[in-house]
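Me: I would like to learn how to read a single-chain model step by step, beginning with the overall layout and then moving to individual residues. Could you take me through one?

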Amino acid sequence: ADRLREGDIVSVFPEGTTGDGSALLPFHANLLQAAISASAPALPIALSYLDRHTGGTHAGPVYVGDDTLVASIWRTLRSDTLRAVVHFGTPERAGDRDRRTWAADLREQVQALRGPVR
């Protein structure tokens with residue numbers, strides 16, 4: 001919260017873990033508390049890794065289950081079909097919402113930014 005009050009930019013991945021990219025995981029509301037305490041805005045961002053040829057989700061960056069971080073990075077770096085797509089939403093403040101409500105609202109926005117996953 002202090003860093004946000006000082007104008008720093010802080011990135012948070014509110015899912016709190018990694019998934020396979022096929023679905024958006026639940027958001028952990030406690031990760032938004034610093035922004036609420038600092039009256040700082042949140043910028044919803046959707047990040048997707050797609051296969052350049054099929055348009056479907058690319059498995060290269062997957063880091064779940066028995067995957068290791070090194071294996072995930074190696075697959076990502078050596079793939080010639082991986083395309084990272086980033087969609088930016090509109091910054092917003094919590095206002096009168098508690099962190100659970102705000103987290104749910106932000107998740108809906110990120111889901112809309114992701115669009116349909118193939």
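**Reading the chain**

Reply: Let us begin with one residue and widen the view from there: Arg83 is partly exposed, with a relative accessible area of 40%, and its place is in strand 2, which covers residues 82-88. Please keep in mind throughout that this is a predicted model.

Me: Which residues does Arg83 touch, once those up to four places away in sequence are not counted?

Reply: A contact list of this kind shows which parts of the chain come together. Arg83 touches Ser48, Tyr49 and Leu50, and of these Ser48 has its place in strand 1, as does Leu50. For a separation between C-alpha atoms, take Arg83 and Ala59, which are 24 residues apart along the chain and separated by 11 Å.

Me: How many helices and strands does the protein chain have, and in what order do they run?

Reply: The general idea is to count the elements and then to follow them from the N terminus. Here the secondary structure comes to four helices and two strands, and the elements run α-α-β-α-β-α. As for dimensions, the C-alpha atoms fill a box of roughly 45 × 30 × 25 Å, taken along the principal axes.

Me: What do the totals for burial, surface and contacts say about the protein chain?

Reply: Each total answers its own question, and they are best read side by side. Of the 118 residues, 27% count as buried, while the chain exposes about 7900 Å², of which carbon and sulfur atoms supply 55%. Among contacts between residues at least 6 apart in sequence, 68% join residues at least 24 apart. For the charges, the mean positions of the 13 positive and 14 negative ones are 3 Å apart.

Me: Which residues have the most contacts inside the largest nonpolar core?

Reply: In soluble globular proteins, nonpolar side chains tend to be buried together. In this model the largest nonpolar core has 15 residues, and those with the most contacts inside it are Phe27, Trp102 and Leu106. The largest share of this core, four residues, comes from helix 4, which covers residues 99-114. Trp102 also has a contact list that can be read in full: leaving out residues up to four places away in sequence, it touches Leu32, Ala35, Ile36, Ala40, Ala42, Glu92, Arg93, Ala94 and Arg97.

Me: Is Leu50 buried or exposed, and what does it touch?

Reply: Burial is judged from relative accessible area, and the contacts then show what surrounds the residue. Leu50 counts as buried because its relative accessible area is 16%, under the 20% cut-off. Not counting residues up to four places away in sequence, Leu50 touches Gly55, Gly56, Thr57, His58, Thr81, Leu82, Arg83 and Val85. Ser48 is likewise buried, at 15% relative accessibility, and with the same exclusion it touches Arg83, Ala84, Val85 and Arg114.

Me: Where is His58 found, and what does its side chain reach?

Reply: For a buried polar side chain, it is useful to look up its polar partners as well as its general contacts. His58 is found in the loop between strand 1 (45-51) and helix 3 (69-78), and it is buried, with a relative accessible area of 14%. Its side chain reaches the backbone nitrogen of Gly60 at 2.8 Å, and it makes a polar contact with the side chain of Ser79 at 3.1 Å. Leaving aside neighbours within four places in sequence, His58 is in contact with Tyr49, Leu50, Asp51, Ser79, Thr81 and Leu82.

Me: Why does Ala23 count as partly exposed, and which residues is it in contact with?

Reply: The middle class is read from the same scale as the buried one. Ala23 counts as partly exposed because its relative accessibility is 45%, between the cut-offs of 20% and 50%. Ala23 lies in the loop between helix 1 (2-5) and helix 2 (33-37), and, leaving aside neighbours within four places in sequence, it is in contact with Glu15 and Arg114. The C-alpha atoms of Ala23 and Pro116, 93 residues apart along the chain, are separated by 10.0 Å.

Me: What is the phi of Ser39, and where is its place?

Reply: Backbone angles can be read alongside location and exposure. Phi of Ser39 is near 50°, a positive value in a residue other than glycine. The place of Ser39 is in the loop between helix 2 and strand 1, and Ser39 is exposed, with a relative accessible area of 51%.

Note on methods
Residues are numbered from 1 along each chain as its sequence is written. This is a predicted model: local features need pLDDT of at least 70, side-chain atom pairs count only at pLDDT 80 or more; totals for chains, interfaces and linings use all residues. Side-chain values use heavy atoms; hydrogens and water are left out. A nonpolar core is a set of buried Ala, Val, Leu, Ile, Met, Phe, Trp, Tyr and Cys residues joined through side-chain atoms within 4.5 Å. Buried means under 20% relative accessible area, exposed over 50%, partly exposed in between (1.4 Å probe, protein chains only). Contact means heavy atoms within 4.5 Å. A polar contact is a pair of N or O atoms within 3.5 Å; within protein, one must be able to donate a hydrogen and the other to accept it, and residues adjacent in sequence count only if both atoms are side-chain atoms. Accessible areas come from the Shrake-Rupley method with a 1.4 Å probe; for residues, only the protein chains shown count as cover. Lys and Arg count as positive and Asp and Glu as negative; His and the chain ends are not counted. The place of a charge is taken as NZ of Lys, CZ of Arg, CG of Asp or CD of Glu.
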